[in-house]
Amino acid sequence: EAFIKAGLDLFGDYGLEGTSTRMLARKAGANISGIVYHFGGKDGLYLAVLERISDRFNELTAECRREAWQRLKESLDKPQVLEILKSLMISISQAMDGGLKLKNAEKIIIREQTSPSSAFTALYDGYMKDVLTLLSNLVARYTGKSADNEETIIRTHTMIGQFVIFIATREALLKKLGVKKMKPEQSDLIRRVILGNIEVCLKAWAEEGGRS
């Protein structure tokens, strides 16, 4: 546990390549040989950190995702699909925006998107694949296109990307707002704005599908 916490801290700040086993051992307050003993080496520890992030994300969003998948088996109208999608996006955004309660988890996720390591699959298979598939199915149900349609997949990434960009550019936003830390009401406003954008986009995409 001490090594995983040290990994979250150091991998988040310095990345996999920039973090040495000596740094990890010092941060964990443990013998360097423990990394090999427990994880098989630094790469194994990094994989364990990614698995911890995935497990925590799944824990926070499992109920909402389970309900969404169940509702998709029903005959739903567009307002119902939109309600499910908004609820899911709120759950995902709260997990991504500090809800994980794991230091530097967001940094590690962003780094794996921009400079993926060989362990990226642990994040993708761990939670991203299911989330993106679920969201694509909801977008498809609303717009009338198939879930595996290239346009549907890209539109789904457009939606989730709105939340990611606020994490990736948080410091610039704080600077512009003139605050050192995001207030709860500001986080709520961000969610409301993004959900409003998503609703407008979905309606426009559905209209495009109808015209075609």
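Me: What volume does the largest cavity have?
Reply: This is a predicted model, in which local features need pLDDT of at least 70 and side-chain atom pairs count only at pLDDT 80 or more, while totals for chains, interfaces and linings use all residues. A cavity is a set of points on a 1 Å grid over the protein atoms alone where a 1.4 Å probe fits but cannot get out. The search of the whole structure finds 1 cavity of 30 Å³ or more. The volume of the largest cavity, as space filled by probe spheres set on points joined across faces, edges and corners, is about 160 Å³.

Me: Which helices each supply at least two residues of the lining of the largest cavity?
Reply: Residues are numbered from 1 along each chain, and side-chain values use heavy atoms, without hydrogens and water. Lining residues have an atom within 4 Å of a point; among them are Ser93, Phe163, Arg170 and Ile190. Helices are DSSP runs (H or I, at least four residues) numbered from the N terminus. Those with at least two lining residues each are H5 (78-99), H8 (150-168), H9 (170-177) and H10 (184-211).

Me: Which helix gives the most to the largest nonpolar core?
Reply: Such a core joins buried (under 20% relative accessible area, 1.4 Å probe, protein chains only) Ala, Val, Leu, Ile, Met, Phe, Trp, Tyr and Cys residues through side-chain atoms within 4.5 Å. Of its 59 residues, Ile53, Leu85 and Met89 touch the most other members. The elements giving two or more residues include H1 (2-18), H4 (42-71) and H7 (120-143). With 11 residues, the one that gives the most is H7.

Methods: 1 Å grid on protein atoms, 1.4 Å probe; cavity = no way out; pocket = protein on both sides within 12 Å on 5 of 7 lines; lining within 4 Å. Buried < 20%, exposed > 50% of the residue type's maximum accessible area, 1.4 Å probe, protein only.
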